[in-house]
Amino acid sequence: MKSTGVIRRIDELGRIVIPKEIRKTLRIHDGDSLEIFTDNNDNIILSKFSSLGKISDYVINFSKTIHKFLKHDVIITDTDKIIAIDGNLKKKYFNKEISSELATYLKTRELTKIEEVTALKIINDEILKGYFLISPIIVESDTIGLLIIYSETEELMEIDSKIIQFVTSFFTKYLED
């Protein structure tokens, strides 16, 4: 494990402050959930918690099904990285960190339909040009990820919008129960 050289004291309530530099590097924001583990060497391990990551097999199968039905690329993210993808982009994008440009859609809290050919940075070193439907996945009033439908050449239709809304509401209901 890499040492960062930062030492923090625990306060009377058992709290510690994670330094700003580490939070920025690991993209930990106010309100994010952290999972706490211990290992066999008495180390405490903090890990960002992803509700969608915990059901990754399910999410991956869902993206395959949507792709087969719509014939468009399907991208599902948590708040940090692409956790499921189906279509032409699969090998290039899977498990990559999302760009800060894409992360802004986590805050929109509503379906965004990009109806003109647009350049959008999905991961930090890659721009896609085409048509997009971007829907945040919201669970218990927190945005936990995005569902994106992408087409390089075909304008996305109303049925695509209806399906993405259905799928995101399904994820919401599934993860809230």
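Hi everyone. Before I start, one definition: when I say two strands pair, I mean that DSSP finds at least two bridges between them. Please also keep in mind that this is a predicted model.

Let's begin with the hairpin of E6 and E7. Two residues sit between its strands, and in this hairpin Glu140 has a positive phi, near 50°. Strand E6 covers residues 126-139, and nine bridges connect it to E7 in an antiparallel arrangement. If you want one pair to look at on screen, take Phe132, whose bridge partner in E7 is Tyr150.

E7 also has a partner in strand E3, residues 73-77. These two run antiparallel as well, joined by five bridges. Here the pair to find is Ile76, which stands opposite Leu147 in E7.

So is E7 largely enclosed or open? Strand E7 spans residues 142-151, and nine of its ten residues are buried, so the rest of the structure largely encloses it.

Now to the helices, with H3 to begin. H3 runs over residues 56-70, and its 15 residues should span 21 Å at 1.5 Å a residue; the end C-alpha atoms are indeed 21 Å apart, so the two values agree. Which of its residues are buried? They are Val59, Phe62, Ser63, Ile66 and Leu70. Those buried residues cover an arc of only 100° around the axis, which means they lie on the same side of H3. A handy reminder here: an α-helix has 3.6 residues a turn, so residues three or four places apart point the same way. Turn H3 around, and on the other side you find Asp57, Thr65 and Lys68 exposed. Right after H3 comes Lys71, and its phi is positive too, near 65°.

Next is H6, residues 158-176. This helix has 19 residues, and from first C-alpha to last it reaches 27 Å, close to the 27 Å expected. Its buried residues include Ile163, Ile164, Val167, Phe171 and Leu175, and also polar ones such as Ser161 and Thr168.

Last stop, the second largest pocket. Its volume is about 190 Å³. What lines it? There are 13 lining residues, and those nearest the centre are Asp73, Asn88, Tyr150, Ser151 and Glu152. You will remember Tyr150 as the bridge partner of Phe132. By type, the lining of this pocket divides into six polar, four charged and three nonpolar residues.

That's my tour. Thanks for listening, and do rotate the model yourselves!

Terms used: Residues are numbered from 1 along each chain as its sequence is written. This is a predicted model: local features need pLDDT of at least 70, side-chain atom pairs count only at pLDDT 80 or more; totals for chains, interfaces and linings use all residues. Side-chain values use heavy atoms; hydrogens and water are left out. Buried means under 20% relative accessible area, exposed over 50%, partly exposed in between (1.4 Å probe, protein chains only). Helices (H or I, at least four residues) and strands (E, at least two) are DSSP runs, numbered from the N terminus. The expected span of a helix is 1.5 Å times one less than its number of residues. The arc is that of the directions from the helix axis to the C-beta atoms. On a 1 Å grid over the protein atoms alone, a cavity is a set of points where a 1.4 Å probe fits but cannot get out, and a pocket is an open set with protein on both sides within 12 Å along at least five of seven lines; lining residues have an atom within 4 Å of a point. Grid points are joined across faces, edges and corners, and a volume is the space filled by probe spheres set on the points.
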